[in-house]
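Thanks for coming. I have a few parts of one structure to go through, and I will take them one at a time.

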Amino acid sequence: MSVQSRASQNRLRGVLSRVRFASDDGRFAVCELELDQGGPPVTMVGNLLSTKVGQSLEVSGEWIDDPRYGRQFRIHSIRTILPKTAEGIEKYLASDMMEGIGPTLAKRIVSHFGEKTLEIIDDEPGRIIEVEGIGEKRAAQIVETWQENRGIHDLMAALRSHGVSASLAVKIHRRFGSEALGVIERDPYQLVEEVRGIGFQTADQIARHFGIDLDSPARLRAGVLHVLTEAHDEGHTYLPRPVAEENARELLGLQIGDLGDAIAELALREKIVIEEGRGPAAIYPRMAYRAEVGAAECLRILAGGNQTLDLGDAGVGAGLERELNAIEEQLRLTLAGEQRRAVLSVFEAPLSVITGGPGTGKTTIVRAICQLCDVTDKKIALAAPTGRAAKRLHEATGREGRTIHRLLEFSFEKGGFQRDEENPVDADVLVVDEASMIDIYLLYSLVRAVRPGARLVFVGDIDQLPSVGPGQVL
């Protein structure tokens with residue numbers, strides 16, 4: 001077999017006629033392709049990206065013989081193409097890609113315009129009204145849908161050689177609409193900031209194609225943002241300015257003496273925050289700065305609040321000591337001196353940190369705090385970063401343990417946490433276990449939702465699991 005015939009065998013053209021199965025994540029599908037040259041449909045397996053039934057495709061891949069399902073074509077890459085034949089155009093217009101047409105109307109349109117149908121819709125859209133049964137409203141809808149699909153098609157063609165998948169091209173088009181190609185030609189680095197899934201390297205490759213200079217201001221800004229994002233993903237809320245600049249120079253592959261203009265412009269655009277201090281300036285991604293400074297301010301206000309919790313008849317000092325003695329008898333345990341001080345400190349200071357390694361009695365302290373809240377008629381809430389940790393809290397205390405997300409009533413539909421400074425958590429004492437796993441964003445959301453006069457208690461071990469997100473809170 002010649003090289004040429006082998007290559008042609010591994011490239012198929014046709015219309016996607018049926019999807020038998022598609023996984024929930026969209027990464028695997030079993031489908032059928034009706035070949036342009038005729039014959040029985042080919043069974044294909046692999047990632048269909050964002051293609052839909054009725055689209056004309058060019059698919060590259062390899063033939064495989066599955067012992068159970070027989071001969072199949074495994075998809076390596078896939079791209080959409082516009083159909084050329086009247087039959088293909090009719091199927092395209094009747095597909096899900098062209099909303100509001102359907103098989104009957106598609107047949108009438110192609111009967112009227114033939115193989116020039118798509119050309120006419122593209123160049124002379126006003127003529128679509130010539131087809132029987134199409135009024136001005138329907139014609140406008142058809143043209144609008146066609147232009148949107150054509151924009152996605154052109155965008156896919158422009159991005160295909162840069163490794164940008166069809167699904168990402170659809171995301172880009174959804175974000176920028178008809179301006180997508182213009183945005184990419186002017187400043188592909190904008191994609192990094194505004195389209196999830198597009199990274200610096202991909203944007204840089206696209207920029208090379210459009211001839212954007214290596215030292216262009218947009219590229220320098222994107223390089224600085226990229227190194228901050230990488231550091232953020234590794235757990236850092238900021239980078240010292242000299243480190244950020246050195247990392248950016250290495251990424252950009254340029255011997256640039258000063259990135260000051262790029263950094264200043266990012267600060268002006270509120271993409272970053274520069275914090276000056278005694279040592280080198282710190283450069284933060286804007287959201288990380290807001291969370292870190294906001295959390296610190298909330299903790300400062302909390303720590304400066306009422307130092308003694310109103311305990312009613314239990315009183316403070318000796319009265320609280322007597323109640324704790326009774327709890328020890330009830331629980332049949334004897335607290336060590338440091339454990340007693342930890343329990344009492346919760347009622348004598350607005351903010352407490354109880355830390356220590358395994359076996360140091362942290363759980364015993366939490367149980368005693370719960371009992372002391374009961375006898376002093378104070379409402380307590382127990383929370384932890386993960387469901388497993390919340391379950392352990394429940395098992396140790398016999399009380400409800402909730403994840404912090406559940407405590408703060410997180411809702412996708414309503415757009416985030418429903419508990420905050422205007423709608424605080426209904427608790428006099430809030431105990432948060434496994435605090436080493438809290439990142440700076442979750443901390444900020446948590447401390448904002450502690451009501452004035454309440455007690456916040458962090459429990460954890462600094463040598464245990466760190467947070468997945470940025471910040472070492474504990």
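I'll start with a charged pair. Arg451 and Asp426 make a salt bridge, and their closest N and O atoms are 2.9 Å apart. Arg451 sits in the loop between α19 and β15, and Asp426 in the loop between β13 (416-417) and β14 (429-432), so this pair ties together parts that are 25 residues apart in sequence. Arg451 is partly exposed, at a relative accessible area of 23%. Asp426 is also partly exposed, with 40%. Elsewhere, Arg241, Glu245, Glu246 and Arg249 are joined into one network by salt bridges that share partners.

Before I go on, please keep in mind that this is a predicted model.

Staying with the loop between β13 and β14, that is also the place of Asp420. What does the side chain of Asp420 reach? One polar atom of this side chain lies 2.9 Å from the backbone nitrogen of Glu422. The backbone nitrogen of Asn423 is reached as well, at 3.0 Å. Setting aside neighbours within four places in sequence, Asp420 is in contact with Arg448 and Ala449. Asp420 and Leu446 are 26 residues apart in sequence, while their C-alpha atoms are 7.8 Å apart in space.

Back to salt bridges. How many does the structure hold? The count is 29. One of them joins the side chains of Glu34 and Lys91, at 2.5 Å from N to O. Glu34 belongs to strand β2 (residues 29-35) and Lys91 to helix α2 (residues 86-94), so the bridge ties together parts that are 57 residues apart in sequence. Glu34 counts as partly exposed, with a relative accessibility of 32%. Lys91 counts as partly exposed too, at 30%.

Another salt bridge links Asp204 and Arg208, whose closest N and O atoms are 2.9 Å apart. Here both partners are in helix α9 (residues 200-209), and because they are 4 residues apart, about one helical turn separates them. Is Asp204 buried or exposed? Asp204 is buried, because its relative accessible area is 10%, and the cut-off for buried is under 20%. Arg208, at 32% relative accessibility, counts as partly exposed.

Now two helices, beginning with α13. This helix covers residues 286-303, which is 18 residues. At 1.5 Å a residue it should span 26 Å, and its end C-alpha atoms are indeed 26 Å apart. Which residues of α13 are buried? They are Ala288, Ala291, Gly294, Ala295, Leu299 and Leu302. Looking down the axis of α13, these buried residues fall within an arc of 140°, so they line one face of the helix. On the other side of α13, Arg300 and Ile301 are exposed. As for what covers the buried residues of α13, the list includes helices α10 (217-233) and α19 (440-448), together with strands β8 (282-285), β9 (351-355) and β15 (455-460).

The second helix is α3, residues 102-113. With 12 residues, α3 reaches 17 Å from its first C-alpha to its last, which is close to the 16 Å expected at 1.5 Å a residue. Its buried residues are Gly102, Leu105, Ala106, Ile109, Val110 and Phe113. Down the axis of α3, they fall within an arc of 130°, so they line one face of the helix. On the other side of α3, the exposed residues are Pro103, Thr104 and Ser111. After α3 comes Gly114, which has a positive phi, near 65°.

Last, some strands. Strand β5 (residues 70-81) runs parallel to strand β3 (residues 42-46), and 2 bridges join them. Val45 is the residue that stands opposite Arg74 of β5. In which sense do β4 and β5 pair, parallel or antiparallel? Strand β4 (residues 56-66) pairs with β5 in the antiparallel sense, over 11 bridges. Ile64, for one, has Gln72 in β5 as its bridge partner. The connection from β4 to β5 is a hairpin through 3 residues.

To recap the pair I opened with: Arg451 and Asp426 form a salt bridge, with Arg451 in the loop between α19 and β15. Strand β15 and helix α19 are also among the elements covering the buried residues of α13. That is everything I have for today.

How values were computed. Residues numbered from 1 in each chain as written. Predicted model: local features only at pLDDT ≥ 70, side-chain atom pairs only at ≥ 80, totals over all residues. Heavy atoms only, no water. Expected span 1.5 Å × (residues − 1). Buried < 20%, exposed > 50% of the residue type's maximum accessible area, 1.4 Å probe, protein only. Arc of directions from axis to C-beta. Contact = heavy atoms within 4.5 Å. Salt bridge = Lys/Arg side-chain N within 4 Å of Asp/Glu carboxyl O. Pairing = 2+ DSSP bridges. Polar contact = N/O pair within 3.5 Å; in protein donor to acceptor, adjacent residues only side chain to side chain.
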